Amino acid sequence: MPVEWQRLFDGTGAERTDLPTYPFQHERYWPTASPARGDAGALGLVPAEHPLLGAAMPVAGSDAVVLTGRLSASTLPWLADHTVHGTATLPGAGFAELAVRAADQAGCDRVTELTVTTPLVLGAHEGTTVQVWVEAPDDEGRRAVTFHSRPAAAEDGPWTRNATCVVTSSAGDPPAPPALRWPPEGAEPVSLDAWYDDTGQAGVSRGPLFRGLRDIWRLGDEIFAEAELPAPAPEARAYGLHPALLDAALQAFDASAEDREGAVPVAFDGLSLHASGASALRVRLTRSGPHTLSLAAFDQDGEPVITADTVDMAVPEADHAAVAPSSTRRESLLRLEWPEVPDGDVPPAASGERWAVVGPDDFGLAAALAAGGQSVAEAAPSLSEAVGADGAVPDIVAVPVPAEDGADVAGAAHRSAARALELVREWLADDRFVRSRLLFVTRSAVTTGAERPAAASRTGPAAAPQTAPVWGLVRSAQAESPGSLLLVDVDGTAESAAALSRLPALLDAGETQVAVREGTVRVARLDRLPAEEPAEPGTGEAAEDATAEWDPDGTVLITGGTGGLGAELARHLVAVRGVRHLLLASRRGPDAPEALALRAELTAHGADVTVTACDTADRTAVDALVAGVPSRHPLTAVVHAAGVLDDGVVPSLTGERLDAVLRPKVDGAWNLHEATRGLPLAAFVTYSSVAGVMGAAGQANYAAANAFLDALAQYRTACGLPGQSLAWGPWAQETGGARAGGLTRSLSEQDMRRMGRSGMPPLTTEEGLALFDAATAHGGALLVPVRLDTRRTRTGPAVGQVPAVLRLLVPQGRRAAGDRPAGADLTQRLAAMRKSERAGFLTDLVRHHAAGVLGHASPESIDAEREFRQMGFDSLTAVELRNSLGGAIGAHLPATLVFDHPTPAAVAAHLADELLGDGGESGGALAELDRLEAALAEGAPEDLAAAGVAARLRNLLARYGGTAPDDGAGTEVAERIQSASTNEVLAFIDNELGRRTNADPDR
């Protein structure tokens, strides 16, 4: 597709790579798996000629060199055969192979001081990018080497340093080890029975390619072994020494021990490769310490293959999967920031705008706006009454959302969310407000970090969680109907009220969430945690202990503990965190599916587990639950993971559907807060969702519930209590061993694909649990553990700017010269087409965006005459298509677009009418030009020539089009076209032709 068409169709110019949503499409989508290769020279690189590395790049002005590659099980399946505590990990032998290749590139032949500092955990998705930096030689010719990695999707994320070494050149050929008599005389054979089963139970699992250890003999401190790659050896000659074969050789150390611990190589010194491409080895290991050995390996002819003066072995820690991927943790652990907007960047209030305030004006908004020179109507009790008697519709409607006083915080949260839902639904349903803007104004519903301490505050408490659900709900409404809704939180000061009149202009810049603190405007931004930032306890002694280790003798309560995420967390707490007393609560308790099996599994690991039925939304039941915890194992931590989904776009939601989703989250969390606030808890953690932080189309009720959890954690911290809300991104719907899909298990494959296209690929179970540990160790009231694919966020199917909340993480990119706003020249382009051409063009436009929404590879898969509902569109995908098309053409389209116009062809016809008016004709001048062309087509050439029509047309074109006329006069095209009036064109037609004709039916 030409780039100019691509830009019009998806607003980016980037090629789409989405995969089909159904099987048996007769197109090839999947690439052939092979190690990363290509024309490195065309990129200014040097081919690395190695399966693990794609290219090398000399560093200008230095003797340094960088080697780079991508490790992925899709191209190198054997990488998935080596797992440590369930996580695919590059073996230490893999670093040895990379180090030898780096030495070769630098003209060296010996590797010293190779140490694996951080295990290289391989991504379960796109793979892992690696870089090997070889520094310039020092005065002694030694070159320092560092090994770095990061997830392939995190193209702008931080790197993890995984290993270091030094490479040198020896004086002459390395000494060959003495010839080895085989089999060694006097050596005793060692049984390998159950060896691989034993190491698997110890946490190190090896797949088929890593099971190459064949025989072992032991003679004093020496170990002799035979190892080989399975036949046929997979690309053995492409490696110096295949990591699976070197790993198998070193397995003999642990396999020959009386206590098989699952030790793996973590350091090498004095490593030299004498021959490459071996597929079988005869190995001699010499023990020099409890976990230290020397290595000499030979081929079948007794010729040396590889030697190492020292190899250090170590048993991987049980929390290997949790602690290893430090870069993944930093990349995926975000927090919500509220940076200041400089005064010069906040546009001045627009003149002539009409304001209206709906509902009780407890904040004095009308008075503040009027004092700022705005035209403000009397406060209206409802939206419909905000429209003047003369039918004048306000440009901006402000809705104050005061926080209810009293102890019924959960009930107040329900009521504030219900009122917000009612207002948004009414707003979206009333076409009179299509060009107006709706501002929800809360007070202390969000915490920005700029609030004064409660004791010094002039305006009351620092957090009001009862109005926070409004933020979650409206954030999702913004995602469904971009550009017309704004969230504003004020602190009650006069300075902040005075700033309100300037805020609607921020919508033009794409802002959606604004907080004003003492007159300073702040906007919401997600950002990564600093790499080495210390924990963030709140104020007060209890909060200072929020990140303390959980007492293994205490009881941990997990609500939703028998569900997917709750069950996985329970397994993790027992196996990794050392928790020995668990109270798992859910509505069905022991009657929940797999609840008894889960308890048996955890009990087998030495934990004392109680599974009980409890509706946490029932305060009496929660009080009894907490009171029932035995005093010998007191309650020391609470994890509230309960929740339900009932997705639907805002117009489809009802009060009942809202309450059903709020109840387990809002009521349950508040009841737990009240029941435990007097206990010395080490942690009070709630499972929230990123939907509550940045909105999610189709999840307004779920976002509202989770926004309350976020605010509750901040409220608890302000009160000196431990509190942390984890606003999770989606978790994968995994099958097999892991069952962590949780709430995502109710989502369709299309829903999961939509999440991936949105730039938030699901977390694996291992990633999620690692992030849980990292988050609870860090502290902080609100953290957002989410995988973010910045490439897809930047160039995905959604049209328009990067969401404002992501702008610290996703660069907006540079505007291409000549680019114009979406749809700026579309009307002119359409006007220049025949009617049939316009219909085809717009139909193709609709088909392209429909294919993108459904995840199809090509618009050809979309039948222009087939109804959207037959293609699989639902209310959410219908909204997604509406937004995608609206962004492409630069026009506001109704949410009911695909229901009012049920086929792509019907939508195309509607777009023609929307853009050109008059049923697809531009009307006025363009319609008359159509008639003129038809008349010219009917006239005889000799008649037209006699009438001098051609000359007059040339003169008219010169007047309005910039082409030189017969007399040499000319004018710029744009200026003449802009100044031409319909009457002038009509006069020309009347004067020249003297008659009128009907237009060509095909126009």
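## Strand pairing and the three-stranded sheet

Two strands are taken to pair if DSSP finds at least two bridges between them. In this predicted model, strand β4 (residues 82-84) and β11 run antiparallel and are joined by three bridges. Within this pairing, T83 has S205 of β11 as its bridge partner.

These strands belong to an open sheet of three strands, ordered β5-β4-β11 and paired in the antiparallel sense. At the edges stand β5 (87-88) and β11 (204-206), each of which pairs on one side only.

## The nine-stranded sheet

A further open sheet is built from nine strands in the order β26-β18-β33-β32-β31-β30-β27-β28-β29, with mixed pairing. Its edges are formed by β26 (525-528) and β29 (608-613); each has a single partner strand, so one side of each lacks a neighbour in the sheet. From one strand to the next, the twist averages 25°.

At the β29 end of the order, strand β28 (residues 581-586) pairs with β29 in the parallel sense over six bridges. A585 has T612 in β29 as its bridge partner. Helix α13 (residues 595-604) lies across β28 and β29 and runs at about 165° to β29.

## The surroundings of H633

H633 lies in the loop between α14 (619-627) and β30 (635-640). The strand that follows this loop, β30, is one of the nine strands of the mixed sheet. With a relative accessible area of 16%, H633 is buried, because the cut-off for burial is under 20%.

Two polar approaches involve the side chain of H633. The backbone oxygen of D553 is reached at 2.8 Å, and the side chain of H581 makes a polar contact with that of H633 at 3.2 Å. When neighbours within four places in sequence are left aside, the contacts of H633 are D553, G554, T555 and H581. Of these, H581 falls within the residue range of strand β28 (residues 581-586).

## Aromatic pairs

The model contains 14 aromatic pairs. One of them joins W182 and F224 in an edge-to-face arrangement, with 6.2 Å from centre to centre and 75° between the planes. This pair links distant parts of the chain, 42 residues apart: W182 is in the loop between β9 (160-168) and β10 (188-190), and F224 is in strand β13 (residues 222-228). W182 and F224 are both buried.

W338 and W471 also form an edge-to-face pair, with a centre-to-centre distance of 6.2 Å and an angle of 75° between the planes. The two residues are 133 apart in the chain; W338 is found in the loop between β18 (333-337) and β19 (354-357), while W471 belongs to helix α9 (residues 468-480). The strand before the W338 loop, β18, takes part in the nine-stranded sheet. W338 counts as buried because its relative accessibility is 4%, and W471 counts as buried because its relative accessibility is 1%.

## An aromatic cluster and charges over rings

W550, Y687, W728, W731 and F772 form one aromatic cluster. A member of this cluster, W550, also has a charged partner: the charged end of R577 sits over the ring of W550, 4.7 Å from its centre.

A charge is likewise placed over the ring of F253, where the charged end of R287 sits 4.1 Å from the ring centre.

Key. Residues numbered from 1 in each chain as written. Predicted model: local features only at pLDDT ≥ 70, side-chain atom pairs only at ≥ 80, totals over all residues. Heavy atoms only, no water. Helix = DSSP H or I, 4+ residues; strand = E, 2+ residues; numbered from the N terminus. Buried < 20%, exposed > 50% of the residue type's maximum accessible area, 1.4 Å probe, protein only. Polar contact = N/O pair within 3.5 Å; in protein donor to acceptor, adjacent residues only side chain to side chain. Contact = heavy atoms within 4.5 Å. Phe/Tyr/Trp six-rings, centres within 6.5 Å; stacked < 30°, edge-to-face > 60°. Lys NZ or Arg CZ within 6 Å of the ring centre and 35° of its normal. Axes fitted to C-alpha atoms, helices over the stretch in contact; angles between N-to-C directions.
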